[in-house]
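Q: I've just opened a structure I've never seen before. Could you walk me through how to read it?

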Amino acid sequence: VVLAGVGELKLKSGKAAAAFHIFVQAASILEESEAANSKEAAYIRQSLSKVHAARGELNKALVASKQALEIYRKAGMGLSGGASRVLHAIGDLQTEMGQYQEAEATYLEALDIFEETKTATTRRCALVRKSLGFLQCEAGECGQALDELGQALTILRTIGLENTSEAVEILTCKASVLTRQGCTQEALSVLEEVKGVIVASELEQDVGARAALVIAEAEAMRHAGKDGYIEEFARGLSIIEAGAKVDTKEGAELLRLYADALRGSGQSAAALEQLGRAQRILSALALGRTHSAAKVLQALGSAHREQGNFARALELFDECEKLLTEIGLAKTLSAAQLLVKRGKVHHAQRDMEAACRLYQSAVDMHKAMGTSRSVWASKALLSLAAAKQEQGCSEEARACREQAIKALHDGGFQNARDTAQAMRHLRSSFVGVLGTMPPTEVDTIAEGLDF
């Protein structure tokens with residue numbers, strides 16, 4: 001137990017390798033004793049899982065967490081707080097790995113424990129509901145996501161934790177869901193609430209909370225078509241830099257988001273500079289073979305595509321594909337997005353057959369993952385529609401756009417920019433939209449959003 005405590009300190013200080021060896025030593029001591037199936041053994045297994053996750057070894061992390069859960073169950077502690085914490089961790093790993101259906105089942109199992117043990121109004125339960133809400137948004141179930149996040153906030157308010165870092169986390173997630181829906185004014189209102197919580201909870205010095213708020217505001221401004229969002233991203237970066245947090249995994253992630261914003265405003269060269277910086281940070285942290293690194297490779301490829309460097313873009317996408325396969329993420333949201341991005345290169349090169357094949361593969365992958373109602377699946381369908389249109393397959397293009405609109409509508413994205421764009425295409429070709437969405441709704445949404 002003492003060794004495990006030392007290992008936790010090492011992990012928190014960023015020394016994952018040292019922590020790993022300490023936890024292995026602690027686990028070995030327990031296995032040699034009669035405590036191999038004790039709660040201490042489960043705790044150490046879960047600690048090993050944290051180390052693997054910090055090193056980007058998600059498959060190993062998942063195995064370790066499942067071993068911890070099995071130990072709790074063998075010890076007759078399957079309904080304990082420790083077991084629910086491990087289930088939460090397993091769900092988060094499955095979400096990161098794109099195993100959305102499995103993750104949802106895991107979160108629901110954790111919630112069942114809270115109900116059965118009458119601990120449904122606890123901080124841990126609120127955090128599990130927040131994770132479930134995030135997952136549902138990724139899968140294209142925004143209505144359910146907002147419901148889960150609302151329940152999480154209600155729990156915190158019930159137990160007097162409405163002015164805490166957990167509340168900031170959940171409210172920021174809620175704003176992100178609203179932003180994706182296209183409800184940017186509501187999102188910005190929620191972020192005003194976040195500011196109040198940060199002040200009330202004395203988190204003004206919390207670099208992570210402040211930077212997350214600024215980035216969420218920048219994203220909402222970007223989706224609302226408001227000026228100044230690039231400056232907001234830069235402000236978020238300056239907060240991280242001032243707090244000496246830029247040379248971290250979170251700092252690299254912020255640099256990637258900043259680069260996405262720069263790309264969106266046509267500043268591909270500046271984006272490449274920030275992405276190169278993110279890549280160097282991850283390499284220095286020995287995180288060059290992780291999901292975070294794969295996301296940077298995707299963004300680098302997209303930036304090169306936008307500059308017309310198609311050969312280099314495909315090289316980077318190939319490297320990304322190999323990395324995703326290597327780390328066990330070949331059938332995930334990132335992999336589906338990669339297919340679309342590769343398709344766009346072929347699209348730009350006028351190779352419509354190859355583009356259509358890649359777009360269709362992305363659509364099929366979303367179906368297999370249960371994310372057909374997500375924004376990402378709709379983007380794949382809209383890309384496929386554009387390529388089909390250029391091939392002269394107007395009916396197939398129309399069918400793809402209708403599927404995309406239905407998916408966005410069913411997922412709660414009626415006001416999102418993708419919905420408006422797809423509706424414009426349908427309207428311009430004198431095609432009536434689906435019966436669930438009358439022409440007046442098309443005009444209201446499409447004209448109300450100037451994208």
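A: Happily! Let's begin with a pocket: this is a predicted model, and its second largest pocket has a volume of about 220 Å³.

Q: How does anyone find empty space like that?

A: The trick is to roll a probe the size of a water molecule over the atoms, which shows where empty space is left.

Q: Okay, and which residues line the second largest pocket here?

A: The lining is made up of E321, L324, T325, A330, K331, A335, L338, L339, R342, L358, S361 and M365. By character, that's seven nonpolar residues, two polar ones and three charged ones.

Q: Which helices supply at least two residues of that lining?

A: Helix 16 (310–326), helix 17 (333–348) and helix 18 (352–369) each do. Helix 17 gives the largest share, with four residues.

Q: Let's zoom out. How many helices and strands are there in the chain?

A: You'll count 22 helices and zero strands.

Q: And how much of the chain is buried?

A: Of its 451 residues, 51% count as buried. As for how the chain folds back on itself, take the contacts between residues at least 6 apart in sequence: 60% of them join residues at least 24 apart.

Q: What about the nonpolar core: how many residues does the largest one have?

A: The largest nonpolar core has 127 residues. The ones with the most contacts inside it are V168, I170, L191, V194, I198, F233 and L324. The largest share of this core, 10 residues, belongs to helix 11 (residues 207–223). You've met L324 already, as it also lines the second largest pocket.

Q: Can we pick one core residue: what does L191 touch?

A: Leaving aside residues up to four places away in sequence, L191 touches A175, L213, A216 and E217.

Q: Now a single residue in a loop. Where is S80?

A: Look in the loop between helix 4 (58–74) and helix 5 (81–96).

Q: Why does S80 count as buried?

A: Compare its value with the cut-off: buried means under 20% relative accessible area. S80 has a relative accessible area of 16%, so S80 is buried.

Q: And what does the side chain of S80 reach?

A: It reaches the backbone nitrogen of A83 at 3.2 Å. On top of that, a polar atom of the S80 side chain lies 2.7 Å from the backbone oxygen of M77. Farther along the sequence, not counting residues up to four places away, S80 touches Y72 and I113.

Note on methods: Residues numbered from 1 in each chain as written. Predicted model: local features only at pLDDT ≥ 70, side-chain atom pairs only at ≥ 80, totals over all residues. Heavy atoms only, no water. Core = buried A, V, L, I, M, F, W, Y, C linked by side-chain atoms within 4.5 Å. Buried < 20%, exposed > 50% of the residue type's maximum accessible area, 1.4 Å probe, protein only. Contact = heavy atoms within 4.5 Å. 1 Å grid on protein atoms, 1.4 Å probe; cavity = no way out; pocket = protein on both sides within 12 Å on 5 of 7 lines; lining within 4 Å. Points joined across faces, edges and corners; volume = space filled by probe spheres on them. Nonpolar A, V, L, I, M, F, W, Y, C, P; charged D, E, K, R; others polar. Polar contact = N/O pair within 3.5 Å; in protein donor to acceptor, adjacent residues only side chain to side chain.
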